[in-house]
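Here's a quick briefing to read alongside the model. Have the viewer open and click through the residues as they come up.

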Amino acid sequence: MSSEPPKHEMQYFPNMTAAMPSKSGEFRRVLWTGLYSQVVLMTVPVGGDIGDEVHTVDQALTFTSGVGKATINGKDQDVKAGDLMVVPAGTQHQFVNTGPTPLILYTIYSPAEHDPKTVHQTKEEGDEEEENGKDEAPDWSQQPKQVNEKNGLVNTSGKY
């Protein structure tokens, strides 16, 4: 994975709701980081959680395996494979694995929340890197449309 802005190429992740995520063992792995969004695969172990948190970015989570409980701004909702949950920026949220198998999901942050090279084996490793400033989204992923257009990263012709 690169720390540079993405090339204008297709990124394909087959079997995202079936085979691939069910084999994941890492707590967090960034799969792709774009100018305005980021795709991250997460595995919450049995009895584990993602941590009670608030982001300054929007987040959409799609659950691919397992069962759990989502708490969004104080409201609880059971979640399972096939469910989609949206967490607006600035909203408290927590996801807890309540089942007998890992709770696996992929999430899309908009804009990016993590370093494009992030791989955390455990929640504790992720928490430590975040607290120490080692897991920060790149500056280029936090720029407004006008800046990206001026820098030639986006143009409406689609030709680069």
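In this predicted model, Asp 76 and Lys 69 bring their side chains together in a salt bridge, with 4.0 Å from N to O. Neither partner is tucked away: Asp 76 is partly exposed at 44% relative accessibility, and Lys 69 is partly exposed too, at 32%. Both residues sit in strands of one sheet, so that's a good place to go next: Asp 76 falls in strand 5 (75-80), and Lys 69 falls in strand 4 (residues 67-72).

**The sheet around that salt bridge**

- The sheet is an open one with three strands, in the order 5-4-7, and the pairing is antiparallel.
- Strand 5 (75-80) and strand 7 (93-97) are its edges, each pairing on one side only.
- From one strand to the next, the twist averages 20°.
- Strand 4 (residues 67-72) and strand 7 run antiparallel and are joined by five bridges.
- Lys 69 turns up here as well: its bridge partner in strand 7 is Val 96.
- As a reminder of what holds such an arrangement together, strands of a sheet pair through backbone hydrogen bonds, either parallel or antiparallel.

**Other salt bridges**

- How many salt bridges does a search of the whole structure find? The count is five, and the Asp 76 to Lys 69 contact is one of them.
- The general idea is simple: side chains of opposite charge can pair when their charged atoms come close.
- Glu 26 and Arg 29 also meet through their side chains, at 2.6 Å from N to O.
- Is Glu 26 buried or exposed? Glu 26 counts as buried, because its relative accessibility is 16% and the cut-off for buried is under 20%.
- Its partner Arg 29 comes out as partly exposed, at 27% relative accessibility.
- Asp 127 and Lys 123 form another salt bridge, with their closest N and O atoms 2.8 Å apart.
- Those two are four residues apart in helix 2 (residues 123-131), so about one helical turn separates them.
- Asp 127 is partly exposed, with a relative accessible area of 27%, and Lys 123 is partly exposed at 21%.

**The aromatic pair**

- Searching the whole structure turns up one aromatic pair.
- Phe 63 and Phe 95 make up that pair, and the geometry is tilted: the centres are 5.7 Å apart, with 45° between the planes.
- The pair ties together distant parts of the chain, since Phe 63 is in strand 3 (residues 58-65) and Phe 95 is in strand 7, 32 residues apart.
- Phe 63 is buried, with a relative accessible area of 1%, and Phe 95 is buried with 1% as well.
- Strand 7 is worth a second look, as Phe 95 lies in that strand and so does Val 96, the bridge partner of Lys 69.

**The whole protein**

- The secondary structure adds up to three helices and nine strands.
- Along the sequence, the pattern reads α-β-β-β-β-β-β-β-β-β-α-α.
- The radius of gyration is 16 Å, which agrees with the value near 15 Å for a compact globule of 160 residues.
- Taken along the principal axes, the C-alpha atoms fill a box of roughly 50 × 30 × 25 Å.
- Of the 160 residues, 39% are buried.
- Among contacts between residues at least 6 apart in sequence, 67% join residues at least 24 apart.

Definitions and conventions:
Residues numbered from 1 in each chain as written. Predicted model: local features only at pLDDT ≥ 70, side-chain atom pairs only at ≥ 80, totals over all residues. Heavy atoms only, no water. Pairing = 2+ DSSP bridges. Axes fitted to C-alpha atoms, helices over the stretch in contact; angles between N-to-C directions. Buried < 20%, exposed > 50% of the residue type's maximum accessible area, 1.4 Å probe, protein only. Phe/Tyr/Trp six-rings, centres within 6.5 Å; stacked < 30°, edge-to-face > 60°. Rg over C-alpha atoms; globule rule 2.2 N^0.38 Å. Contact = heavy atoms within 4.5 Å.
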